[in-house]
Amino acid sequence: LNANMLAFFRDNPRAFLAAVIVHLGLLAVLFVGMDWTQEASLKGEKKAPIQAVVVDADKLSAEINQQQEIKQQKQKQEQDKLKQLELKTEQARKAREQEEKQLADLKKKREETKKKAELEAKQRADAKLKLQQKAKQKAEAEKKRKADEQRKTEEKLKVEEQRVADEKRKAEEQRKAEEKRKADVVAKRKAAIEAERKEAEAALQNSLAAEQEEMALQGVNKEVNRYIAFIQDKVQRSWIRPPGSGAGLTCTVAVRLIPSGEVIDAKILRSSGNAAFDRSVEAAVFKASPLPVSKDPKVMSRFRSFNFIFKPS
């Protein structure tokens with residue numbers, strides 16, 4: 001087999017296999033059709049030669065080459081068709097790009113024409129607006145000039161009217177000031193007399209109030225001292241002397257009560273020097289609660305928060 005046949009076998013294995021199968025089939029038919037059991041009628045008779053088909057390699061190679069050429073022609077035709085299709089596609093693309101460029105140029109020209117028209121319209125509008133503004137400014141300037149003249153005239157009139165009014169006001173103020181001065185002199189005299197009278201009355205009232213307050217204070221103090229004695233006595237009766245506390249110990253206790261006499265707080269202000277004695281006094285105050293208090297609000301107000309000296313007898 002030459003190189004072309006090998007290439008054909010590699011590229012067309014099915015065609016090669018079909019050709020081989022066909023030739024093998026022909027050989028099998030010939031082989032089966034032969035009579036192998038019949039004996040010759042005569043011993044000296046010669047047997048007929050066996051017919052066999054020989055595969056012609058050149059013919060097979062030519063057929064393979066022909067198939068390969070047909071395939072190559074088909075491939076070439078397909079490649080040519082593909083190249084023509086690509087060429088047509090490229091031409092269509094270029095034509096489309098050319099058409100798009102023309103459309104873009106046309107759109108650009110239209111936009112430029114539109115912008116030019118808009119610019120001209122804007123320029124005309126600006127020119128018209130400037131003329132209108134100038135006319136308006138001129139009219140406003142004339143209106144302002146007239147208004148300024150009128151304002152100056154009115155200001156002059158107002159100044160004159162104000163001058164006359166000021167003169168009248170000053171004259172009236174002077175008259176009223178004189179009348180007020182005279183009235184003040186009279187009022188001061190009356191006020192001095194009234195002040196002397198009120199001062200005398202106030203002095204008398206203050207003296208009486210002081211005497212009454214002193215009497216009331218003496219009564220309150222007396223009542224307070226009386227109830228402090230009651231409280232000291234009740235605390236004394238509630239007190240239990242702690243062991244080891246000597247005689248002669250005293251301490252000052254701060255107590256806070258509510259109107260019912262209930263103790264809400266008790267603490268030592270001045271210690272006796274003996275902690276156990278101080279604690280026993282605080283305990284005695286709480287134990288003696290409620291403490292005796294007066295029903296008089298003035299007296300009771302002194303017992304909201306008060307101090308007393310605890311000195312056991």
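# A walk through one predicted chain, from helix α4 to the salt bridges

Hi everyone, let's begin with one residue: V285, which sits in helix α4. Before I go further, please keep in mind that this is a predicted model.

So, is V285 buried or exposed? V285 counts as buried, because its relative accessibility is 0%, and the cut-off for buried is under 20%. What does V285 touch, once we leave aside its neighbours within four places in sequence? The list is V235, V253, V255, V263, A266, L291 and F308. There is also a distance to look at here: Q236 is 49 residues from V285 along the chain, and their C-alpha atoms are 8.8 Å apart.

Now let's step back to the helix around V285. Helix α4 runs over residues 275–288, which makes 14 residues. From first C-alpha to last, α4 reaches 20 Å, close to the 20 Å expected at 1.5 Å a residue. Which residues of α4 are buried? They are F277, D278, S280, V281, A284, V285 and A288. These residues lie on the same side of α4, because they cover an arc of only 160° around the axis. And if you turn to the face away from that buried side, you find the exposed residues R279 and K287.

Let's look at both ends of this part of the chain. At the start of α4, N274 has a side-chain oxygen that comes to within 3.0 Å of the backbone nitrogen of A276. Going the other way, P290 is in the loop between α4 and α5, with α5 covering 297–301. The peptide bond joining S289 and P290 is cis, with omega at about 0°. It is worth finding that bond on your screen.

Next, the overall picture. How many helices and strands does the protein chain have? There are 5 helices and 3 strands, and along the sequence they follow the pattern α-α-α-β-β-α-α-β. The chain has 313 residues, and 16% of them count as buried. It exposes about 25,700 Å², with carbon and sulfur atoms supplying 56% of that area. Now take the contacts between residues at least 6 apart in sequence: 71% of them join residues at least 24 apart.

Let's move to helix α3, which covers residues 57–238. One residue to visit in α3 is K71. K71 counts as partly exposed, at 30% relative accessibility. Setting aside its neighbours within four places in sequence, K71 is in contact with D11 and N12. N12 is 59 residues from K71 along the chain, and the C-alpha atoms of the two are separated by 9.6 Å.

Now for the charged pairs. As a general idea, side chains of opposite charge can pair when their charged atoms come close. In this structure there are 22 salt bridges, and I've picked three to show you.

The first on my list joins D148 and K144, with 3.1 Å from N to O. How far apart are D148 and K144 in helix α3? They are 4 residues apart, so about one helical turn separates them. D148 is partly exposed, with a relative accessible area of 22%, whereas K144 is exposed, at 51%. The cut-off for exposed is over 50%, so K144, at 51%, passes it. This pair also belongs to a network of salt bridges that links K144, D148, R151 and E155.

Next come R163 and E167, whose side chains meet in a salt bridge at 2.8 Å, N to O. R163 and E167 are 4 residues apart in helix α3, so here too the separation is about one helical turn. R163 is partly exposed, with a relative accessible area of 39%, and E167 is partly exposed as well, at 48%.

My last pair is R197 and E194, where the closest N and O atoms are 2.0 Å apart. Both residues lie in helix α3, 3 residues apart, which is about one turn of the helix. R197 is partly exposed, at 39% relative accessible area, and E194 counts as partly exposed at 31%.

To wrap up, here are two things to find on your own screen. In α4, look for the buried residues, V285 among them, on the same side of the helix. Then, in α3, look for R163 and E167, about one helical turn apart. Thanks for listening!

Notes: Residues are numbered from 1 along each chain as its sequence is written. This is a predicted model: local features need pLDDT of at least 70, side-chain atom pairs count only at pLDDT 80 or more; totals for chains, interfaces and linings use all residues. Side-chain values use heavy atoms; hydrogens and water are left out. A salt bridge is a side-chain nitrogen of Lys or Arg within 4 Å of a carboxyl oxygen of Asp or Glu. Helices (H or I, at least four residues) and strands (E, at least two) are DSSP runs, numbered from the N terminus. Buried means under 20% relative accessible area, exposed over 50%, partly exposed in between (1.4 Å probe, protein chains only). Contact means heavy atoms within 4.5 Å. Accessible areas come from the Shrake-Rupley method with a 1.4 Å probe; for residues, only the protein chains shown count as cover. The expected span of a helix is 1.5 Å times one less than its number of residues. The arc is that of the directions from the helix axis to the C-beta atoms. A polar contact is a pair of N or O atoms within 3.5 Å; within protein, one must be able to donate a hydrogen and the other to accept it, and residues adjacent in sequence count only if both atoms are side-chain atoms.
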